[in-house]
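Colleague: Could you take a close look at the salt bridges in this one and walk me through them? I'd like to know which side chains pair up and where they sit.

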Amino acid sequence: MPTKEEHIMMVAEKLFAAKGYNGTSVRDIAAKAKVNVSMISYYFGSKENLMEELFKWRMEEGLNFAKNIVENNDLTEIEKIDAFIDNFVNRVQRLRDFFLLVHTQQVISQNKKIQNFLKASKINYIEINEQIVEIGLEKGVFTKRPSYHFLQCTISGTIFNAMHGIKIYKEYLKKHNPDFDEKQYESHYFQEAAAHVKTIVRALIGYQEN
């Protein structure tokens with residue numbers, strides 16, 4: 001069960017994604033979360049601080065999982081790469097509201113704390129991928145050294161574009177695929193996105209299945 005603070009942040013996350021940061025008031029959040037405005041003030045102080053805490057929480061959550069993958073000695077290097085991609089895709093699918101906020105905040109935010117969270121998160125993900133690939137190169141598992149910042153661009157950019165295009169591609173598939181299954185579409189869509197990214201990354205790092 002989420003804590004009271006987490007519950008408020010989750011409600012705010014949905015409202016910020018649907019109505020925008022400026023279009024959402026503290027009263028809106030309190031009403032939707034079924035708490036008093038004073039409780040939000042007690043936990044967060046202001047709407048801006050609430051947004052900052054939301055970003056900090058979500059960014060740390062994703063980064064901790066990625067670090068656990070790196071430290072898992074039961075996984076091979078390619079299994080770590082796959083787990084990293086699967087986790088990224090699963091988080092984007094599960095936390096679509098938050099990643100819509102990430103996209104908008106990258107473009108329009110003047111909040112330095114949020115910009116710093118985003119910058120630190122990107123650099124950490126680049127370094128995690130670099131660490132995994134360099135070990136794979138030393139072992140001879142991988143044969144190519146990619147540009148690590150573009151490797152992360154490939155992973156995150158492809159998945160973000162897939163998220164933004166999900167409705168458009170749904171219409172395309174309904175039109176061109178007579179066996180289109182609307183009920184299973186979203187889960188299959190993100191599974192296919194993960195498989196697509198893994199294929200690209202394998203080519204970039206020079207990995208071939210035995």
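Modeller: Here is the overall picture, and after that the salt bridges one by one. This is a predicted model, so bear in mind that local features need pLDDT of at least 70 and side-chain atom pairs count only at pLDDT 80 or more, while totals for chains, interfaces and linings use all residues. Residues are numbered from 1 along each chain as its sequence is written, and side-chain values use heavy atoms, with hydrogens and water left out.

The protein chain has 10 helices and 0 strands; helices here are DSSP runs of H or I with at least four residues, strands are runs of E with at least two, and numbering starts from the N terminus. Along its principal axes, the C-alpha trace spans about 60 × 45 × 35 Å. Of the 210 residues, 40% are buried, where buried means under 20% relative accessible area, exposed over 50%, and partly exposed in between (1.4 Å probe, protein chains only). If you take contacts with a separation of 6 or more, 68% of them come from residues 24 or more positions apart, a contact being heavy atoms within 4.5 Å.

Now the part you asked about. I call something a salt bridge when a side-chain nitrogen of Lys or Arg is within 4 Å of a carboxyl oxygen of Asp or Glu, and that rule gives 14 of them.

Start with Glu13 and Arg58, whose closest N and O atoms are 2.9 Å apart. Glu13 is in helix α1 (residues 4-19) and Arg58 is in helix α4 (residues 47-71), so this pair ties together parts that are 45 residues apart in sequence. Both partners are tucked away: Glu13 is buried at 5% relative accessibility, and Arg58 is buried at 4%.

Next come Glu61 and Arg91, which also form a salt bridge, at 2.9 Å from N to O. Here Glu61 belongs to helix α4 and Arg91 to helix α5 (residues 77-94), so parts 30 residues apart in sequence get tied together. Glu61 is partly exposed at 29% relative accessibility, whereas Arg91 is buried at 5%. These two pairs aren't separate stories, either: salt bridges that share partners join Glu13, Arg58, Glu61 and Arg91 into one network.

Helix α1 also carries Lys14, and its side chain meets that of Asp97 in a salt bridge of 3.2 Å, N to O. The pair links distant parts of the chain, with Asp97 in helix α6 (residues 96-108) and Lys14 in helix α1, 83 residues apart. In space, though, the C-alpha atoms of Lys14 and Asp97 are 5.8 Å apart. As for cover, Lys14 counts as exposed at 53% relative accessibility, while Asp97 is partly exposed at 24%.

One last bit on charge and annotation. The chain has 28 positive and 27 negative charges, and their mean positions are 7 Å apart; Lys and Arg count as positive, Asp and Glu as negative, and His and the chain ends are not counted. Each charge is placed at NZ of Lys, CZ of Arg, CG of Asp or CD of Glu. UniProt, in an unreviewed entry, lists residues 25-44 as "DNA-binding region"; such annotations may be inferred rather than shown by experiment. In the model, residues 25-44 are 80% helix and 0% strand, and the end C-alpha atoms of that stretch lie 14 Å apart.
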